[in-house]
Structure formats: structure tokens, C-alpha cells
Amino acid sequence: SEPANGDESMSYRVAGSFAILALALVAPLVGRAAQQSQQRPQPPPANTEVYLADLGPAANPTFAGTLVNISNSPGYDNQPSFTPDGKAILFTSVRGGGTQSDIYRYDIATKALTQLTHTPESEYSALVTPDGKTFSVIRVEADGAQRLWRFDPDGANPRLVLENVQP
């Protein structure tokens, strides 16, 4: 269902001949930033989806064809990023009606969706690292601290990036 105020926000990113869209229908977040600095982070907004769209020719890169919902799940689906080869998209998703988020990978050619992280903490903002050997995330830990972590491409072997830095 749509929030009472009907606020919409949209962002998009381009890789090759594809664009990903993050479309959100969210309630106002007034005062939320102040609350988060004082207490444990609030759950992410509900009713967001990630879409994939074909682009027209490079000379006229307009959206062409049908938007495809690649997250296709009620709740929070957002923060998409292309893998460096442009063959997949990583995004954050909250599934099963909960508030804990994990990272998912959508393979553009096969349309396969794979859950990469399986942790009790929430992960956000997945990006493949410059060497291509891992992906990084911001993890919200049990105490509310937000730290930079990295995982192997299959979501295994989580490790803290800056062990001696306290948030």
C-alpha cells in the first residue's frame, strides 16, 4: 500500500546499455537523523523496489523497453550497484517482513537472484572493491555501530576492514 503522503523518490545508475532504478515510496523522515544519533538505528523505509531498464543508443540514452522489477519483494529493496563487468547488480534487501537487511546479487543474463550475506546484523551499500576480489558493505552491528566490512564474492569470509578504528 502507498504511504499517506505519497512521497516518491527515485535514483538511477547506468552501466553499458542498462540502467538500474531504485524507486521508493516512503513516509517523511522528520527527526529521524536526530533519533539515530541518540539511539539504535531505525528500520529502513518500507515499499522500495529495484528496477532494471534497457537504454536506447549511446547517442540518445533514454529508457527503452519495459522496466523489470529485479528485487520483487515487499519491504526495503534499495542501494543498487553494478558489478564492474556490468553483468550483475548488488543491492540491499529486507525480506520476510523483518527489519534486518542482507545483500543480494541479481545476474542480468540468467535473471538469478542470490542472497550473498546471511548475518544477524544488517548490511547496506554493497560495492565491489577495486581489486574485484571482494565486496564492501556498511554493517550495522548489534550495538548500533556502523563499520566497513568486506566479503568474498559469494558472501563468505566476512572481515572488518579497519579493525583499530572505533566509530
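In this predicted model, Ser-136 has Arg-150 of strand E11 as its bridge partner. The contact belongs to the pairing of strand E10 (residues 135-140) with E11, where six bridges join the two strands in antiparallel fashion. Five residues lie between the strands of this hairpin, and Gly-144 takes a positive phi near 90° in it.

Strand E11 spans residues 146-151 and has two distinct faces: Arg-147, Trp-149 and Phe-151 make up the covered one, whereas Gln-146, Leu-148 and Arg-150 make up the uncovered one. Arg-150, the partner of Ser-136, therefore belongs to the uncovered face. E11 also runs antiparallel to strand E12 (residues 159-160), to which two bridges join it. In that second pairing, Trp-149 is matched with Leu-160 of E12.

Leu-148, likewise found in strand E11, contributes to a nonpolar surface patch together with Val-161, Leu-162 and Val-165. The accessible area of these four residues together is about 310 Å². Leu-148 has a relative accessible area of 33% and is therefore classed as partly exposed, since that class lies between the 20% limit for buried and the 50% limit for exposed residues.

**Salt bridges**

The model contains six salt bridges. Three of the pairs are listed below with their N to O distances.

| Pair | N to O distance |
|---|---|
| Asp-77 and Arg-95 | 3.7 Å |
| Arg-147 and Glu-141 | 2.1 Å |
| Arg-159 and Asp-152 | 3.2 Å |

The salt bridge between Asp-77 and Arg-95, with its closest N and O atoms 3.7 Å apart, links distant parts of the chain: Asp-77 is in strand E5 (residues 77-82), and Arg-95 is in the loop between strand E6 (88-94) and strand E7 (101-107), 18 residues apart. Asp-77 counts as buried because its relative accessibility is 0%. Arg-95, by contrast, counts as partly exposed at 26% relative accessibility.

For the pair Arg-147 and Glu-141, both residues are buried. Arg-147 is also part of the covered face of E11. In the pair of Arg-159 and Asp-152, Arg-159 is partly exposed, with a relative accessible area of 22%, and Asp-152 counts as partly exposed at 22% relative accessibility. Elsewhere, Glu-121, Glu-123 and Arg-139 are joined into one network by salt bridges that share partners.

**The sheet of E5 to E8**

An open sheet is formed by four strands in the order E5-E6-E7-E8, with antiparallel pairing. E5 and strand E8 (113-115) stand at its edges; each has a single partner strand, so one side of each is left without a neighbour in the sheet. On average, neighbouring strands of this sheet are turned by 25° against each other, direction ignored.

Within this sheet, E6 and E7 run antiparallel and are joined by seven bridges. Leu-90 has Arg-105 in E7 as its bridge partner.

Lys-87 lies in the loop between E5 and E6. With a relative accessible area of 55%, Lys-87 is exposed, because the class begins over 50%. Apart from its neighbours within four places in sequence, Lys-87 is in contact with Tyr-106, Asp-107, Ile-108 and Ala-109. One of these residues, Asp-107, is 20 residues from Lys-87 along the chain, and the C-alpha atoms of the two are separated by 6.3 Å.

**Overall composition**

The secondary structure of the protein comprises one helix and twelve strands. From the N terminus on, the elements follow the order β-β-α-β-β-β-β-β-β-β-β-β-β. The protein has 167 residues, of which 39% count as buried. Its accessible surface comes to about 9500 Å², and 53% of this belongs to carbon and sulfur atoms. Among contacts between residues at least 6 apart in sequence, 30% join residues at least 24 apart.

Note on methods:
Residues numbered from 1 in each chain as written. Predicted model: local features only at pLDDT ≥ 70, side-chain atom pairs only at ≥ 80, totals over all residues. Heavy atoms only, no water. Salt bridge = Lys/Arg side-chain N within 4 Å of Asp/Glu carboxyl O. Buried < 20%, exposed > 50% of the residue type's maximum accessible area, 1.4 Å probe, protein only. Pairing = 2+ DSSP bridges. Axes fitted to C-alpha atoms, helices over the stretch in contact; angles between N-to-C directions. Contact = heavy atoms within 4.5 Å. Patch = residues over 30% accessible without salt bridge, like charges linked within 9 Å, V, L, I, M, F, W, Y side chains within 5 Å. Areas by Shrake-Rupley, 256 points an atom, 1.4 Å probe, with all protein chains shown as cover.
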